Amino acid sequence: MNLIISNSIKGLHPAYFAMVMSTGIISVAAKLLGFTGIACVLLYINIIAYAILLPMLILRVFMFWDCLYKDLSNPKLSFVFFTIVAGTNVLGAQFVSIVDQPAIAKIFWYFGIFLWTIVSLSTFNILFIKCEQRIEMVMHGGWLIATVGTQSVAVLGGLLAPEFGDAGSFVMFSSFVWWMIGAFLYVILITLLFYRLVFFKFTPEAFVPPYWINMGALAITTLAGAVLCLSIPKIGGAFSDFSTFTKGFTLFFWSFGTWWIPLLVILAFWKYVFHKTQFKYSPLYWGMVFPLGMYTACTIKLSQALELPFILSIPKYFIYIAFVAWTIIFISMLISMLKAATAKEAAKP
């Protein structure tokens, strides 16, 4: 048993925190649409998942630093560590939105800022210094997790700003800064990604689930902008001058995210139906669930920020797609874990 636990810690894939991201945002979207029971169940599942994954990650740092550093140095995997940041902040957002516990959410926000600082400085610097591979060999949609992790700090900060009293203006300012950094990262990375997709051969195997982060990164940027718009009247001051600018860019990001959806559906059809690629569970599939929940939540908040009730019809149907996707991947994960445990037991002498 100790060997199994040790091997699980050693081989912990950073993408497993995408489960926390996905579960958390679907929970928040469910609460916004009145599915309170489902929202609470998903919150409890997320607390358990985070309570398991975080200690495993900490133990991996101390017990298997060489393996973790190898992942950090791998340009295909390095930005996946931003899922840890996003998972932490999304769980914090659940405590604000579902059980109204801003004091607990503040702890997650502080910890999320700490994680963002460590992950952003380490991943980008290692990439700048060590990456020697060509763009078509290493770049994929998962790189945009860097945007997701950054925007998650802005989202939770925007939600909590009114709870900080006199310090609310500073928290709001900081959240705007993270929102703009995240937007800048998206513009840079999506430009490189378009270059990779258009000018280099794209095989069905190369279309991995993280390409859905193309849309998910825009969705969380929209959510951050909408949350900031809704918090501006509560903070007041100079931020009132930011309102029109923020609303315009928030709609811009939502529009681009919406444009991505049919493209991704066509590419998925091309991979799984036309080329008959077999589905095999991977933690990376949580990167496909997250954008569905995030698009649902951001559209709801956008309708509130811009006072556009007619777009609410989109999340009212989209939430069911998110529920189905989460259920399929969650069950696939449990089956995969059961098979792995059974295989290890069978391998014992």
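Student: In helix α9 (residues 168-199), Tyr 195 and Phe 199 are separated by about how many helical turns?

Tutor: Let's start with the ground rules: this is a predicted model, in which local features need pLDDT of at least 70 and side-chain atom pairs need 80 or more, while totals for chains, interfaces and linings use all residues. Residues are numbered from 1 along each chain as its sequence is written, and side-chain values use heavy atoms, leaving out hydrogens and water. Helices here are DSSP runs (H or I, at least four residues; strands are E, at least two), numbered from the N terminus. Because Tyr 195 and Phe 199 are four residues apart in helix α9, their separation is about one helical turn.

Student: The structure holds 39 aromatic pairs, so to speak of one: what kind of pair do Tyr 195 and Phe 199 form?

Tutor: Rings of Phe, Tyr and Trp (its six-membered ring) pair if their centres lie within 6.5 Å; planes under 30 degrees apart are stacked, over 60 edge-to-face, and the rest tilted. For Tyr 195 and Phe 199, the centres are 5.4 Å apart and the planes meet at 45°, and the pair is tilted.

Student: Is Phe 199 buried or exposed?

Tutor: Buried means under 20% relative accessible area, exposed over 50%, and partly exposed in between (1.4 Å probe, protein chains only). Its partner Tyr 195 has 41%, which means it is partly exposed. Phe 199 has a relative accessible area of 60%, so Phe 199 is exposed.

Student: How many helices does the protein have?

Tutor: Read along the sequence, the pattern is α-α-α-α-α-α-α-α-α-α-α-α-α. There are zero strands, and the number of helices is 13.

Student: Which helix gives the most to the largest nonpolar core?

Tutor: A nonpolar core is a set of buried Ala, Val, Leu, Ile, Met, Phe, Trp, Tyr and Cys residues joined through side-chain atoms within 4.5 Å. The largest has 115 residues, and Ile 25, Phe 82 and Trp 286 have the most contacts inside it. With twelve residues, the top contributor to this core is helix α10 (residues 213-235).

Student: Which tryptophan does Trp 286 touch, not counting residues up to four places away in sequence?

Tutor: Contact means heavy atoms within 4.5 Å. By that count, Trp 286 touches residues including Ala 18, Met 19, Tyr 281 and Phe 330. Also on the list is Trp 326.

Student: What percentage of the 349 residues count as buried?

Tutor: Nonpolar side chains tend to be buried together in soluble globular proteins. In this protein, the share of the 349 residues that count as buried is 54%.
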